[in-house]
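Here is a short walk to follow in your viewer. Keep the selection tool handy, and we will go from one stop to the next.

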Amino acid sequence: MLKDAVDSYLAIRRAGGFKLENDEWYLNSFARFATAQGETHVIAQTAIAWAAQTHSESQRAQRLKALIRFARFSHAADGRHEIPPSGVFCSHMQRPTPYLFTNAEIERLMDQATQLGPAGSLRPYTYRTLIGLLAATGLRVSEAIGLCCQDLSIDGLLIRETKFRKSRLVPLHATTRAALDRYLAKRCQVATSDDHLLISCRRRALTRCAVHKTFRQLTTAAGLPRQPGQAPPRLMDFRHSFASNALLSCPEGRDHTGRHTLALMTYLGHVHPSSTYWYLEHSAPLMSDIAQACETWIEENTP
């Protein structure tokens, strides 16, 4: 009965345009947990016990929030569903410090990707291309592995309805386009009906799990991170590095900076400027430039 309620909730919310990929996993997990205890409706205490299974406090809060939304929806139709209390877990989530790749580190990762097995397969070319594409364009990982061959045009890459259901066109540098063309020449030698640009050894689209696992293998082989105790790099850090480098190349002057930041916000597919400004925080050169600009302004405007 809980599974039916979950399916109904997901179907109705998705009809309104929500993807709910994480919610689907959470709610099906809860349904299995509660059903195993013989329950057919949401019970607040059971919901809290299920959410508490993960070690991360912020993750517990996210799980319970998803369940509260579902419980409110279900309670409207059947009062036997209890609505768990909010605020049981701390929802504050601290963003991890980005790892900013150097050009030399990116080259090392691409070199390590070239050495991936199995011998004679497309896999080393796929991962070398993926790393280069992420570094050169700042795409989200989900956007890169979701690309289809038809999304590559003379004008750039068409990113279709990804995060926030937004589509955008990402222009490509000539060297990036040339690298993609070289990969496509290799890919065309593999017989597959899958239209995804980057494909696995199984001739299907790359999966998040496989990509993250392979990336960890590559960072270890390349000797990253650089210092003991430093947080390990993530695939998302290619996006951070791209954004930081783009902001570093910004022309001087407030008007130029504003236009450059707005262009970067559009390029990255951000909805709010704050998402773009956040990339300023972890680049020492950028923060130094900001501090210097503030000092200059104070000096010029202090009587």
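## Stop one: a salt-bridge network

Start by selecting R140, E143 and R168, which are linked in a network of salt bridges. Keep in mind that this is a predicted model.

Now show the side chains of E143 and R168. They form a salt bridge in which the closest N and O atoms are 2.9 Å apart. Color by secondary structure and you will see that the pair ties together distant parts of the chain, with E143 in helix α7 (residues 141–145) and R168 in strand β3 (residues 168–170), 25 residues apart. Are these two partners buried or exposed? E143 has a relative accessible area of 2%, so it is buried. R168 is buried too, with a relative accessible area of 12%.

## Stop two: other salt bridges

The structure holds eleven salt bridges, so there are others to visit.

Select R80 and D78: they form a salt bridge, and their closest N and O atoms are 3.1 Å apart. Switch on a surface to look at each side of the pair. R80 is exposed, at a relative accessible area of 53%, whereas D78 counts as buried, at 17% relative accessibility.

Move on to D237 and R234, another salt bridge, with the closest N and O atoms 2.9 Å apart. Here D237 counts as buried, with 1% relative accessibility, and R234 counts as partly exposed, with 28%.

## Stop three: helices α5 and α9

Next come helix pairs. Two packed helices are described by the angle between their axes and by the distance between those axes.

Select helix α5 (residues 103–114) together with helix α9 (residues 208–221). Their axes come within 9 Å and cross at roughly 115°. α5 and α9 are therefore roughly perpendicular to each other, and α5 passes α9 in a right-handed crossing.

Which residues make the contact? On the α5 side, show L109, Q112 and A113; on the α9 side, show F215, L218, T219 and A221. Color this α5–α9 contact by residue class and you get five nonpolar, two polar and no charged residues.

## Stop four: helices α6 and α8

Hide that pair and bring up helix α6 (residues 123–137) and helix α8 (residues 174–187). The axes of α6 and α8 come within 10 Å and cross at roughly 160°. That angle makes α6 roughly antiparallel to α8. The crossing of these two helices, α6 and α8, is left-handed.

To see the contact, select Y125, T126, T129, L133, A136 and T137 in α6, then add T176, L180, Y183 and K186 from α8. The residues of this α6–α8 contact divide into five nonpolar, four polar and one charged.

## Last stop: N28

Finish by centering the view on N28, found in helix α2 (residues 21–36). N28 is buried, with a relative accessible area of 14%.

What does N28 touch, leaving aside its neighbours within four places in sequence? Select K3 and V6, the residues in contact with N28 on that basis. Then draw a C-alpha to C-alpha distance between N28 and V6: they are 22 residues apart in sequence and 7.1 Å apart in space.

Note on methods:
Residues numbered from 1 in each chain as written. Predicted model: local features only at pLDDT ≥ 70, side-chain atom pairs only at ≥ 80, totals over all residues. Heavy atoms only, no water. Salt bridge = Lys/Arg side-chain N within 4 Å of Asp/Glu carboxyl O. Buried < 20%, exposed > 50% of the residue type's maximum accessible area, 1.4 Å probe, protein only. Helix = DSSP H or I, 4+ residues; strand = E, 2+ residues; numbered from the N terminus. Axes fitted to C-alpha atoms, helices over the stretch in contact; angles between N-to-C directions. Parallel < 35°, antiparallel > 145°, perpendicular 65-115°, else oblique. Left-handed = near helix turned anticlockwise from the far one by under 90°. Contact = heavy atoms within 4.5 Å. Nonpolar A, V, L, I, M, F, W, Y, C, P; charged D, E, K, R; others polar.
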